[in-house]
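Here are some exercises for getting to know a protein chain from the inside out. Have a go at each task before you read the solution.

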Amino acid sequence: IRSPSLTEGYLSSLCPHFFSLLTSRGCALLLSSPFSAMPLEGLCSQPEARWFYSFYSRVYEQLQPFFTSPEMREAGLELAGVRGAMDVLDVGAGTGTLSLQVLARGVEPARLTLIDQSEPMLSKARAKPQLAHATIVCKDAHVLPFESESFDRVVSSGSIYYFPKPVVALREQMRVVRRGGIVLAMGSLEPKPRLLRLLATTFNRFPAEEDYRAWFQEAGLTDIKTIRVSNPWNSEQYALAICGTRATDVVDVLAAEPSDVEATTTSGFKDTLFYMPMRLARFGIAMGAFAVLGPLQV
């Protein structure tokens, strides 16, 4: 997306009916009861994210290079000091794109663990020969199935803003990292064009740098560092790499419980039936937004 003004003009002409839904009156309707209990940011819940990646996994590796670059990820890994002779956990690992760059920095495959809730995405990672000796776990990363202080580094790229409760996820990551170890997250920032920003937030959360910092601080991480990163072809739109340290005097971090996570992960059958129409509507809006925004990256 080279020019914010051109982007807004393109979006307005391309989908005027979609944007009429995003006016203040349209948003008021969507966010009124019972939608008020289920805001937009359609992929910021486990069910919708699973639906999305069940089909997006088929084309993810072909499209992903249009959204992020090795240079962006490398800058984040450098910020966190990822290097050989470390135990590393890749959270929201997907098809293993970031994990391959972790290996390239000298980490042994047997000391690398990938976790993601999407089995279709992880199946792509399992097919990579470089990751044959890595540990690959399909599990919700809000409640990590690992012992405390198991890793030297916990890294993620493009996943932290998917979590319904990012602070819970970060606190779990701090729990499993060793004292003095570092937690790294890389993620998108708010798109600059106003209409693009409004459209983008219908399908995902796009935090400001202050939001990322607040999450890390609330989770209990210290010595927080950030850098802005961007793709070589789009230097005007930044993403953020942020890392924080588990202080050496933090001895015990309580493990997260399922009850700490948003009801979308633990809701009962009746709740599922009640929310399903709203969930489907929100997911449909999110996919409409993605259908418009995706080609703009290409």
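The exercises below go from the whole chain down to single residues.

**Exercise 1. The chain as a whole**

Task: Find how many helices and strands the chain has, and what share of its residues is buried.

Solution. Keep in mind that you're looking at a predicted model.
- Step 1: Count the elements, and you get 12 helices and 7 strands.
- Step 2: Now for burial: of the 298 residues, 51% are buried.
- Step 3: Look at contacts between residues at least 6 apart in sequence; 74% of them join residues at least 24 apart.

**Exercise 2. The largest nonpolar core**

Task: Work out which residues touch the most other members of the largest nonpolar core, and which element gives the most to it.

Solution. A bit of background first: in soluble globular proteins, nonpolar side chains tend to be buried together.
- Step 1: The largest core has 31 residues, and those touching the most other members are Leu 89, Phe 146, Val 154, Ile 160, Tyr 212 and Phe 216.
- Step 2: Next, see where the core comes from: strands S1 (88-91), S4 (151-155), S5 (177-188) and S7 (234-245), plus helices H9 (166-176) and H11 (209-219), each supply at least two residues.
- Step 3: The top contributor is H9, with 5 residues.
- Step 4: Zoom in on Phe 216. Skipping residues up to four places away in sequence, Phe 216 touches Leu 170, Val 183, Ala 185, Leu 221, Ile 224, Ile 242, Cys 243 and Gly 244.
- Step 5: Don't miss the other core, which lies apart from this one and has 23 residues, including Val 102, Leu 103, Leu 114 and Ile 136.

**Exercise 3. Is H9 enclosed or open?**

Task: Decide how far H9 is enclosed by the rest of the structure.

Solution.
- Step 1: A residue counts as buried under 20% relative accessible area.
- Step 2: Because 10 of the 11 residues of H9 are buried, the helix is largely enclosed by the rest of the structure.
- Step 3: Some of these buried residues are charged or polar by name, so check the list: among them are Glu 172, Gln 173 and Arg 175.
- Step 4: The cover over the buried residues includes S1, S4, S5 and H11.

**Exercise 4. Two helices that pack**

Task: Describe how H6 (residues 70-79) and H7 (residues 97-104) pack.

Solution. Two packed helices are described by the angle between their axes and the distance between the axes.
- Step 1: For H6 and H7 the angle is about 55°, and the axes are 10 Å apart.
- Step 2: That makes H6 and H7 oblique to each other.
- Step 3: Their crossing is right-handed.
- Step 4: H6 brings Pro 70, Arg 73, Glu 74 and Leu 77 to the contact, while H7 brings Thr 97, Leu 98, Gln 101 and Val 102.
- Step 5: Sort these residues, and you have 4 nonpolar, 2 polar and 2 charged.
- Step 6: H7 itself is mostly covered, with 6 of its 8 residues buried. H6 is part of that cover, and so are S1 and S4.
- Step 7: Just past the end of H7, Gly 106 takes a positive phi of about 100°.

**Exercise 5. One residue up close**

Task: Say whether Ala 241 is buried or exposed, and which residues it contacts.

Solution.
- Step 1: Ala 241 sits in strand S7.
- Step 2: Its relative accessible area is 0%, so Ala 241 is buried.
- Step 3: Neighbours within four places in sequence aside, Ala 241 contacts Gly 76, Leu 79, Leu 184, Ala 185, Met 186, Lys 225, Thr 226 and Ile 227.
- Step 4: Finally, compare sequence with space: Ala 241 and Tyr 212 are 29 residues apart in sequence, and their C-alpha atoms are 9.5 Å apart.

Terms used. Residues numbered from 1 in each chain as written. Predicted model: local features only at pLDDT ≥ 70, side-chain atom pairs only at ≥ 80, totals over all residues. Heavy atoms only, no water. Core = buried A, V, L, I, M, F, W, Y, C linked by side-chain atoms within 4.5 Å. Buried < 20%, exposed > 50% of the residue type's maximum accessible area, 1.4 Å probe, protein only. Helix = DSSP H or I, 4+ residues; strand = E, 2+ residues; numbered from the N terminus. Contact = heavy atoms within 4.5 Å. Axes fitted to C-alpha atoms, helices over the stretch in contact; angles between N-to-C directions. Parallel < 35°, antiparallel > 145°, perpendicular 65-115°, else oblique. Left-handed = near helix turned anticlockwise from the far one by under 90°.
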